[in-house]
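Work through the exercises below with the sequence and the structure in view. Each task is followed by a solution in steps.

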Amino acid sequence: MNRREFLKVAGAGAAMAATGRLANAADEAKPAQTAIPRWRGFNLLDYFSPRPMRPGSRSQTTEDDLRWMSDWGFDFVRLPMAYPQWIDFDPSQRITPDDMYKIKESALEYIDGLVETAHKHGLHVSLNFHRAPGYCVNAGFYEPFNLWKDQEALDAFCFHWGMWAKRYKDMSPSKISFDLVNEPSMREDMNDQHSKRGPVPGDVYRRVAEAAAKAIRAANPNHLVIADGNNVGNDVIPEIVDLNIAQSCRGYAPGYISHYKAPWAFSDVENLPAPVWPGTMGGQYWDRARLERYYQPWIDLAKKGVGVHCGECGCWIKTPHDVFLAWFGDVLDILTTNGIGYALWNFRGQFGILDSGRGDIEYEDWHGHKLDRRLLDLLRAY
């Protein structure tokens, strides 16, 4: 080989190497999550409780709420629902397995109305069973069976998802999705909020998710199905990766910050460590690096091509506002860097940007509501 040929070959090799380095750099710069849109928005609590909200209640979502979300640049609402909302049963008596199949059409129409208004303002709606037949992360309503153990409960679960899928079968997948069940766990006593609990066994979670997804896809084969992370939303579910089901993480870790003094999260709210960021709480040191380790399994899941979204995030009102925002800024930055969208719990209320009732901030008046401008600005930055 003469010198000219050598330089030509060497130059081509160097160019290929440089191209490879640029390609690798581009791959590293790409967000981990690209399978689903990076939706950003809020949870709406109109149908969250098993007891129907009174029409005209101050906490009911209004069209102004949805318009403001859209105007501020958000594009997503998650609708956590409790199945007793649309069941025709005697509320003075314990619900029975037979009651599960008595559908109250008028209640479905109320939900249709909220979905329609959200779509009017360009918001994707994700329907979620906060309380499914046989399971809810919260107690306070008698469940006659266990979703993870009883076939009777799974049959009812699939019946209800099949009903909603048929109801919205002609709706574009860009407008609606189906989030199977909120924050699954295997709790010792389904009707005791603080009874011992842990992750649902992977094979059990797969059986339930696969059955419900099949019921949905019988009517809506192209619509997105989402499964909340195991162990109350914290853990990736490797057992369902092959089922074409997206997964939903949470933006609550550590609970000492997000749920400080929340009575539904801690049985002894008076003896909790003071929330700090970064710092030591409950004998454990938390900082940005630890948060990154917490989310790494979700990032790795997204890199496998599984859609990942953070279906709930935020902080209750007892945490000092400055601590909340410092911590939450790191949460949002980690999610956003990896292409993962989020939904704040909630819009108006104690976790929200309007009328939260915090005692340590100066609110801005917003059409008769109290706006947490610093929180809104942080959300809009991501």
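**Exercise 1. Place Ser195 and describe its surroundings.**

Ser195 sits in the loop between strand 6 (186–187) and strand 7 (197–198); strands (E, at least two residues) are DSSP runs numbered from the N terminus, as are helices (H or I, at least four). The model is predicted: local features need pLDDT of at least 70, side-chain atom pairs count only at pLDDT 80 or more, and totals for chains, interfaces and linings use all residues. Residues are numbered from 1 along each chain as its sequence is written, and side-chain values use heavy atoms, with hydrogens and water left out.

Next, take accessibility. Ser195 has a relative accessible area of 12%, so Ser195 counts as buried (under 20%; exposed is over 50%, partly exposed in between; 1.4 Å probe, protein chains only).

Then look at neighbours. Leaving out residues up to four places away in sequence, Ser195 touches Arg187, Glu188 and Asp189 (contact means heavy atoms within 4.5 Å). With Asp189 there is a specific atom to name: the side chain of Ser195 reaches the backbone nitrogen of Asp189 at 3.1 Å.

**Exercise 2. Find the cis peptide bonds before Pro254 and Pro278, and place both prolines.**

The bond from Ala253 to Pro254 is cis, with omega near 0 degrees. Pro254 lies in the loop between strand 9 (246–251) and helix 7 (255–258).

The bond joining Trp277 and Pro278 is also cis, with omega about -10 degrees. Pro278 is in the loop between helix 7 and strand 10 (279–281).

For background, most peptide bonds are trans, and most residues other than glycine have a negative phi.

**Exercise 3. Asn231 and Asn244 have positive phi. Which is exposed, and which partly exposed?**

Start with Asn231. Its phi is near 55 degrees, and Asn231 belongs to helix 6 (residues 230–233). Asn231 has a relative accessible area of 23%, so Asn231 is partly exposed.

Now take Asn244. Its phi is about 55 degrees, and Asn244 lies in the loop between helix 6 and strand 9. Asn244 is at 61% relative accessibility and therefore counts as exposed.

**Exercise 4. Which elements each supply at least two residues of the lining of the largest cavity?**

First, list the lining: Leu44, Val77, Arg78, Leu79, Leu114, Val115, Ala118 and Val125. Next, assign elements: strand 2 (76–82) and helix 3 (105–120) each supply at least two of these residues.

Key: On a 1 Å grid over the protein atoms alone, a cavity is a set of points where a 1.4 Å probe fits but cannot get out, and a pocket is an open set with protein on both sides within 12 Å along at least five of seven lines; lining residues have an atom within 4 Å of a point. A polar contact is a pair of N or O atoms within 3.5 Å; within protein, one must be able to donate a hydrogen and the other to accept it, and residues adjacent in sequence count only if both atoms are side-chain atoms.
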